[in-house]
Amino acid sequence: MKRLGIWMDKEKAYVVMIKGEEEEIIKIPSNIETYHVHGGSGTRLKGGPQDVVQDSKYLEREKHQFKAYFKKIVSYLKSVERWVIFGPADTGERFKKELNLNYKEIATKLDGVYKVDSMTRNQTKALIRDYFKKEYTS
């Protein structure tokens with residue numbers, strides 16, 4: 001039985017595949033840009049010139065970058081029987097929502113989305129190994 005755990009945030013994902021006693025970990029960078037929007041008044045004077053901030057451009061671009069990031073991760077989920085998501089932010093929930101919209105068959109195999117803090121690669125492997133060990137011994 002092939003099981004898989006993902007620790008993910010906006011910057012990267014660690015995909016930990018477990019098959020029997022074997023473990024493999026793969027790092028997937030997100031390539032999502034960090035936006036530093038500058039805008040507002042160019043002077044301290046009231047009614048001075050204003051910079052126009054195009055938030056919709058940034059948000060649309062970020063949305064497409066998230067879709068590409070999630071598509072990379074989905075390629076590892078096609079032959080998995082059960083899997084789980086861990087992560088510190090709302091990226092896991094966003095990924096789950098994308099799966100429910102566009103990858104329904106893969107979404108049905110998801111055990112859950114759990115909030116955990118940032119971890120090293122070894123801590124991530126141990127967390128996912130222990131998660132599935134508990135699931136199959138109880």
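Which pattern does the protein follow when read along the sequence? In this predicted model, the order of elements is β-β-β-β-β-α-β-α-α-β-α.

**Figure 1. Overall arrangement of the predicted model.** The protein comprises 4 helices and 7 strands. Of its 138 residues, 35% count as buried. Among contacts between residues at least 6 apart in sequence, 64% join residues at least 24 apart.

**Figure 2. Close-up of helix 1 and its buried residues.** Helix 1 (residues 55–74) contains 20 residues and reaches 28 Å from its first C-alpha to its last, close to the 28 Å expected at 1.5 Å a residue. Its buried residues are Glu 62, Gln 65, Phe 66, Tyr 69, Phe 70, Ile 73 and Val 74. These buried residues pack against strand 1, strand 2 (12–19), strand 3, helix 2 and helix 3.

**Figure 3. Close-up of Glu 62 in helix 1.** Glu 62 has a relative accessibility of 11% and therefore counts as buried, the cut-off being under 20%. Not counting residues up to four places away in sequence, Glu 62 touches Lys 10, Ile 32, Tyr 35 and Arg 94. Of these partners, Arg 94 belongs to helix 2 and takes part in the contact between helix 1 and helix 2, as does Glu 62 from helix 1.

**Figure 4. Close-up of helix 2, with its buried and exposed residues.** Helix 2 spans residues 91–102, and its 12 residues reach 16 Å from the first C-alpha to the last, close to the 16 Å expected at 1.5 Å a residue. Thr 91, Gly 92, Phe 95, Glu 98 and Leu 99 are buried in this helix. They lie on the same side of helix 2, because they cover an arc of only 120 degrees around the axis. Lys 97 and Leu 101, on the other side of helix 2, are exposed. The packing partners of the buried residues of helix 2 are strand 1 (2–8), helix 1 (55–74), strand 6 (82–87), helix 3 (104–107) and strand 7 (110–115).

**Figure 5. Close-up of the contact between helix 1 and helix 2.** The axes of the two helices come within 11 Å and cross at roughly 75 degrees. Helix 1 is therefore roughly perpendicular to helix 2. From helix 1, the contact is made by Glu 62, Lys 63, Phe 66, Lys 67, Tyr 69, Phe 70, Ile 73 and Val 74. Helix 2 contributes Thr 91, Arg 94, Phe 95, Glu 98, Leu 99 and Asn 102. Sorted by class, the contact has 7 nonpolar, 2 polar and 5 charged residues.

**Figure 6. Close-up of Asn 31 in the loop between strand 3 and strand 4.** The flanking elements are strand 3 (22–29) and strand 4 (40–41). Phi of Asn 31 is near 60 degrees, a positive value in a residue other than glycine. With a relative accessible area of 56%, Asn 31 is exposed.

**Figure 7. Close-up of Asp 117 in the loop between strand 7 and helix 4.** Helix 4, on one side of this loop, covers residues 121–137. Asp 117 counts as exposed at 63% relative accessibility. Asp 117 nevertheless touches Trp 7 and Pro 88, not counting residues up to four places away in sequence. Gly 87 lies 30 residues from Asp 117 along the chain, and the C-alpha atoms of the two are separated by 6.5 Å.

Definitions and conventions:
Residues are numbered from 1 along each chain as its sequence is written. This is a predicted model: local features need pLDDT of at least 70, side-chain atom pairs count only at pLDDT 80 or more; totals for chains, interfaces and linings use all residues. Side-chain values use heavy atoms; hydrogens and water are left out. The expected span of a helix is 1.5 Å times one less than its number of residues. Buried means under 20% relative accessible area, exposed over 50%, partly exposed in between (1.4 Å probe, protein chains only). The arc is that of the directions from the helix axis to the C-beta atoms. Contact means heavy atoms within 4.5 Å. Axes are lines fitted to C-alpha atoms, for helices over the stretch in contact, and angles run from 0 to 180 degrees between N-to-C directions. Angles under 35 degrees count as roughly parallel, over 145 as roughly antiparallel, 65 to 115 as roughly perpendicular and the rest as oblique. Ala, Val, Leu, Ile, Met, Phe, Trp, Tyr, Cys and Pro count as nonpolar, Asp, Glu, Lys and Arg as charged, and the others, Gly among them, as polar.
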